[in-house]
Amino acid sequence: PVPVLAIDGPSASGKGTVAARVAETLGWHYLDSGSLYRLVALAAMRAGVAFDDEAGVAALAAGLPARFEGGRVLLGEGADRDVTDEIRSEACSVGASKVAVLPAVRAALLDRQRDYRAAPGLVAEGRDMGSVIFPDAGLKVFLTASAEARAERRHKQLIEKGLAANMENLLKDLQERDARDAARPVAPLVKLPDAALLDTTQRDVDEAVAFVLDLVGR
Ligand code: CDP
């Protein structure tokens, strides 16, 4: 079977950056599963469907007209609307975290995620890549960092973008998101026994990428 490297971990742990760089180095496909939940949240807002309307949100998730193209994310009939920045907004982050607790929404996105598995390999990043979507993945990593380190990184990113940022609020926000990820009945975020633990509290991106590549044997 086509090899899968599953990288799971909490918000702002640096998974996205590490997974994308590892995929590029290996020449493997890349799945950013969180962006699918963000797209569903955006589609719900646009359609005026409440985040807790499970059947309504799942119907949107099942028919999500979205495409990924050269690092851009497109949404809409004809997939012509560039929503790359919009899905990173605070509203979509909160919405994604809410729609992600709905079992029917997760089920609606299952096959779409599995379809990313193609030769020569796939790096899949999210919360349940190793547990639910690709349980047979030969390589699993749990990538994490302390809540303080993650809040500091997000703070730095926002400041660099010239946006307002408050450490106390960021930390509180991350802890709330961690709690929602861990407490939901379906696909809660857990460190699997067969996943390698990568704690990036004291490691930079280069070191984290090197750790993962070493695991893959490159
Ligand atoms: O920046 P952050 O890590 O919070 O966002 P993300 O990885 O883009 O994920 C957005 C939201 O989708 C999070 O709140 C996760 O709870 C949820 N998610 C999920 O439930 N399952 C996944 N495989 C990926 C993301």
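This report walks through the nonpolar cores, one buried helix face and a buried aspartate in a predicted model.

## The main core

Start with the largest nonpolar core, which has 33 residues. Within this set, Leu39, Val40, Val105 and Phe134 touch the most other members. Quite a few elements chip in two or more residues: the strands are S1 (4-8), S4 (72-75) and S6 (122-126), and the helices are H2 (33-47), H3 (54-62), H4 (90-99) and H7 (129-133). H2 gives the largest share, with seven residues.

Zoom in on Leu39 and, leaving out residues up to four places away in sequence, you'll find it touching Leu64, Ala66, Phe68, Val73, Leu75, Val83 and Ile87. Apart from this core there is another, made of 18 residues, with Leu198, Ala208, Val212 and Leu213 among them. As a general backdrop, nonpolar side chains tend to be buried together in soluble globular proteins.

## What sits over H3

H3 has four names to look up if you want its buried residues: Gly56, Val57, Ala58 and Ala61. Their cover includes H2 and H4, along with helix H5 (103-108) and helix H6 (110-114).

## A buried aspartate

Now for a charged-type side chain: where is Asp128? Look in the loop between S6 and H7. Asp128 counts as buried because its relative accessibility is 2%, and the cut-off is under 20%.

The Asp128 side chain makes a polar contact with the side chain of Arg106, at 2.9 Å. Setting aside neighbours within four places in sequence, Asp128 is in contact with Asp8, Ile133 and Ala187 as well as Arg106.

Methods:
Residues are numbered from 1 along each chain as its sequence is written. This is a predicted model: local features need pLDDT of at least 70, side-chain atom pairs count only at pLDDT 80 or more; totals for chains, interfaces and linings use all residues. Side-chain values use heavy atoms; hydrogens and water are left out. A nonpolar core is a set of buried Ala, Val, Leu, Ile, Met, Phe, Trp, Tyr and Cys residues joined through side-chain atoms within 4.5 Å. Buried means under 20% relative accessible area, exposed over 50%, partly exposed in between (1.4 Å probe, protein chains only). Contact means heavy atoms within 4.5 Å. A polar contact is a pair of N or O atoms within 3.5 Å; within protein, one must be able to donate a hydrogen and the other to accept it, and residues adjacent in sequence count only if both atoms are side-chain atoms.
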